[in-house]
Amino acid sequence: MKQVLKDKIIEVCDKKMASKGDNVGLSFYAFFANKNDNPELLMEAATWWIKTHKLNHFEKAVKIKSLVSGIATK
């Protein structure tokens, strides 16, 4: 995963958790604007989310941040 995507995911997770708490859920679409301005990065996030980790559509931000950071989570 590109570092720019890792940084964006961590930033979004931190913001969502700060505003809505640790139980907030999000999808990989949360890391992108409502327009397809970077399809390669969007596909990288989708592949990581769906194929690599087989995550549900919505997952806890704390779990996503842990996965991206390389920290094991339950």
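This section describes two helices and a cluster of aromatic rings in a predicted model.

Helix H1 comprises 18 residues, which at 1.5 Å a residue should span 26 Å; the C-alpha atoms at its ends lie 25 Å apart, in agreement with that expectation. The buried residues of H1 include Leu5, Ile9, Val12, Cys13 and Met17. These residues cover an arc of only 125° around the axis and are therefore placed on the same side of H1. An α-helix has 3.6 residues a turn, so residues three or four places apart point the same way. On the other side of H1, Val4, Lys15, Ala18 and Ser19 are exposed. The elements covering the buried residues of H1 include S1, H2 and H3. After H1 comes Gly21, which has a positive phi, near 95°.

Helix H2, formed by residues 39-52, can be examined in the same way. For its 14 residues a span of 20 Å is expected at 1.5 Å a residue, and the separation of 18 Å between its end C-alpha atoms agrees with this. Leu41, Leu42, Glu44, Ala45, Ala46, Trp48 and Trp49 are the buried residues of H2. Their cover includes helix H1 (3-20), strand S1 (25-26), strand S2 (59-60) and helix H3 (61-69). Just after H2, a positive phi of about 50° is adopted by Lys54.

The two tryptophans of H2 named above also take part in ring pairing. Trp48 has a relative accessible area of 12%, below the 20% cut-off, and is therefore buried. Trp49 likewise counts as buried, at 1% relative accessibility.

In total, 4 aromatic pairs are counted in the model. In one of them, the ring centres of Phe31 and Trp49 are 6.3 Å apart and the planes meet at 55°, so the pair is classed as tilted. Phe31 belongs to the loop between S1 and H2, whereas Trp49 belongs to helix H2; the pair therefore ties together parts that are 18 residues apart in sequence. Phe31 and Trp49 are both buried. A further aromatic pair, between Trp48 and Trp49, is edge-to-face, with 6.4 Å from centre to centre and 65° between the planes. Through ring pairs, Phe28, Tyr29, Phe31, Trp48 and Trp49 are linked into a cluster.

How values were computed: Residues numbered from 1 in each chain as written. Predicted model: local features only at pLDDT ≥ 70, side-chain atom pairs only at ≥ 80, totals over all residues. Heavy atoms only, no water. Helix = DSSP H or I, 4+ residues; strand = E, 2+ residues; numbered from the N terminus. Expected span 1.5 Å × (residues − 1). Buried < 20%, exposed > 50% of the residue type's maximum accessible area, 1.4 Å probe, protein only. Contact = heavy atoms within 4.5 Å. Phe/Tyr/Trp six-rings, centres within 6.5 Å; stacked < 30°, edge-to-face > 60°. Arc of directions from axis to C-beta.
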